[in-house]
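Colleague: I've just opened this one and don't know my way around yet. Can you walk me through it?
Modeller: Sure, let's get it up on the screen.

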Amino acid sequence: MRILHTSDWHLGRTLHGVDLLGHQAEYLDHLVELVRAEGVGAVVVSGDVYDRAIPPVEAVQLLADALARLSEHAAVVVTPGNHDSAIRLGFGATLMRPGVHLRARVADVGRPVEVAAEGGPVLVYALPYLDPDAVRRTLADDDAPDLGGDGLLPRSHEAVTAAAMRRVRADLAARAGGERPRSVVMAHAFVVGGEASASERDIRVGGVDSVPAGVLRGVDYVALGHLHGPQRIGVEPDADGRAPVLQYSGSPLAYSFSEMHQRKASVLVDLSGAEVGVELVPAPVPRRLAEVTGTLEDLLGAGGDAHVADWVRVVVTDPARPTELYARVRERFPHALAVEHRPVAAAERRTLAAVTAARDPLEVAAEFVEHVTGGRPSAEERAVLLRAYEDVLAAERSA
């Protein structure tokens, strides 16, 4: 039995204003071909299918097409993340074509999708993004060890995820009578030990945004979503000496410059043997992300040759801001997404002194110019600052 694990598609997202829908469509084409070529039995999508609760029409159409094509080859299980609207994503779940399972209801966390396989079905439990404020009552069972006097679970991601996993393990235990069925949990959460990127939305609630890895014990594989870099999370074995494989698939595309060194992938999971096999399959790269740093002369010359076709963040280090900086950079780098002037001396610049009524306003303004440009204002610039200050004083006197 082979499962393809993916997440964090963020359909409809842009990158510094660039529409990524075409590149996302290329990834989904790749996914369909991968499922067909590898004989995948199930595709699990662990949240953040859309980039926002109300996605653009084109993103909805792209998802509909992807689900239809994927379900021709494999069962498809989709659950919402913190970017998705669970109600909108789960709407019409019972009307979906056979083989497409949209699991968005918290009440269903202990009811698996059974995927037929040799040697018995694989049970896939989908845990949608669990916002503690929204689900701490729904998941509160009478036998919960951490139940408060108000009948609610504690206000943390750990508490609600632990409650959901108790339901998963209870369902597995109820199927006893032989060997434990092979099982997969889909979860959209920040698990302790994971490495975050700048493009993931903060999910902190009550000051606690993480889930200890041990909470997710009791199954064979945990298909994680939320963090954008593919990574394995270590977990200690349980009392029986068994430990699940906890894996983030990451996002298919880089959604910020903090992700430019990540190797995007989907996860091919093999459950046919005694050990869970995991293979990262590289995702197609539509255009590389890179940062180029140097003087404008260097970047317009040989220093920029390797990145002309990339999406780039350009950092210009000249002591003074070059004239027509943006236009000259864009002519050299047609796919430049961000342009910054960051003088080399900026890192060595002293911290600005506190501004008080006792300080000379012109000196404060001069220090600000130095902080921004890396150099003290010229005589002409100081004259402009003086005129502006005098105009303000005149306006105050006439008020």
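Colleague: Where is His10 found?
Modeller: His10 is in the loop between strand 1 and strand 2. Keep in mind as we go that this is a predicted model.

Colleague: Okay. Is His10 buried or exposed?
Modeller: His10 counts as buried, because its relative accessible area is 0%, and the cut-off for buried is under 20%.

Colleague: And what's the phi of His10?
Modeller: Near 55°, which is a positive value in a residue other than glycine. Most residues other than glycine have a negative phi.

Colleague: Which loop does His226 lie in?
Modeller: His226 sits in the loop between strand 12 and strand 13. Its phi is positive too, about 125°, although His226 is not a glycine. His226 is also buried, with a relative accessible area of 4%.

Colleague: Back to strand 1. What does strand 1 join up with?
Modeller: Strand 1, residues 2-6, runs parallel to strand 4, residues 42-46, and four bridges join them. For a spot to click on, take Ile3: its bridge partner in strand 4 is Ala42.

Colleague: Which helix packs there and touches strand 1?
Modeller: Helix 1, residues 21-38, packs on the sheet and touches strand 1, strand 4, strand 15 and strand 16. The direction of helix 1 makes about 170° with that of strand 1. Helix 2, residues 57-70, packs on the sheet as well, touching strand 4, strand 5 and strand 6. Its angle is taken against strand 5 and comes to about 145°.

Colleague: What's the strand order in that sheet?
Modeller: The order is 6-5-4-1-15-16, so read it as six strands in an open sheet with mixed pairing. At the edges stand strand 6 (100-102) and strand 16 (277-282). Each has a single partner strand, so one side of each is left without a neighbour in the sheet. On average, neighbouring strands of this sheet are turned by 20° against each other, direction ignored.

Colleague: What holds paired strands together, in general?
Modeller: Strands of a sheet pair through backbone hydrogen bonds, either parallel or antiparallel.

Colleague: Now strand 12, by His226. Which sheet order includes strand 12?
Modeller: That one is an open sheet of six strands in the order 7-8-9-12-14-13, with mixed pairing. Strand 7 (113-115) and strand 13 (231-233) are at the edges with a single partner strand each, so one side of each has no neighbour in the sheet. The average turn between neighbouring strands here is 25°, direction ignored.

Colleague: How do strand 7 and strand 8 pair?
Modeller: In the antiparallel sense, over three bridges, with strand 8 covering residues 122-127. Val115 stands opposite Val122 in strand 8. Helix 5, residues 157-174, packs on this sheet and touches strand 8 and strand 9 (183-188). Its direction makes about 160° with that of strand 8.

Colleague: And the other end, how does strand 13 pair with strand 14?
Modeller: Antiparallel, over three bridges. Ile233 stands opposite Leu246 in strand 14. With strand 12, residues 221-225, strand 14 pairs in the parallel sense over four bridges. There, Tyr221 has Val245 as its bridge partner in strand 14.

Colleague: Which way do the residues point from strand 14?
Modeller: Val245 and Gln247 point one way, while Leu246 and Tyr248 point the other way. All of them are buried.

Colleague: Change of topic: where is Arg387 found?
Modeller: In helix 9, residues 379-398. Arg387 counts as partly exposed, at 48% relative accessibility. The C-alpha atoms of Arg387 and Glu291 are separated by 40 Å, and these two are 96 residues apart along the chain.

Colleague: How many helices and strands does the protein chain come to?
Modeller: Nine helices and 19 strands. Its C-alpha atoms fill a box of roughly 90 × 55 × 40 Å, taken along the principal axes. Of the 399 residues, 48% are buried.

Colleague: What about charges, how many positive and negative side chains are there?
Modeller: 41 positive and 56 negative, and the centres of the two sets lie 2 Å apart. As for surface, the protein chain exposes about 19,200 Å², with carbon and sulfur atoms supplying 52% of it.

Notes: Residues numbered from 1 in each chain as written. Predicted model: local features only at pLDDT ≥ 70, side-chain atom pairs only at ≥ 80, totals over all residues. Heavy atoms only, no water. Pairing = 2+ DSSP bridges. Helix = DSSP H or I, 4+ residues; strand = E, 2+ residues; numbered from the N terminus. Axes fitted to C-alpha atoms, helices over the stretch in contact; angles between N-to-C directions. Contact = heavy atoms within 4.5 Å. Buried < 20%, exposed > 50% of the residue type's maximum accessible area, 1.4 Å probe, protein only. Areas by Shrake-Rupley, 256 points an atom, 1.4 Å probe, with all protein chains shown as cover. Lys, Arg positive; Asp, Glu negative; His and termini not counted. Charge placed at Lys NZ, Arg CZ, Asp CG, Glu CD.
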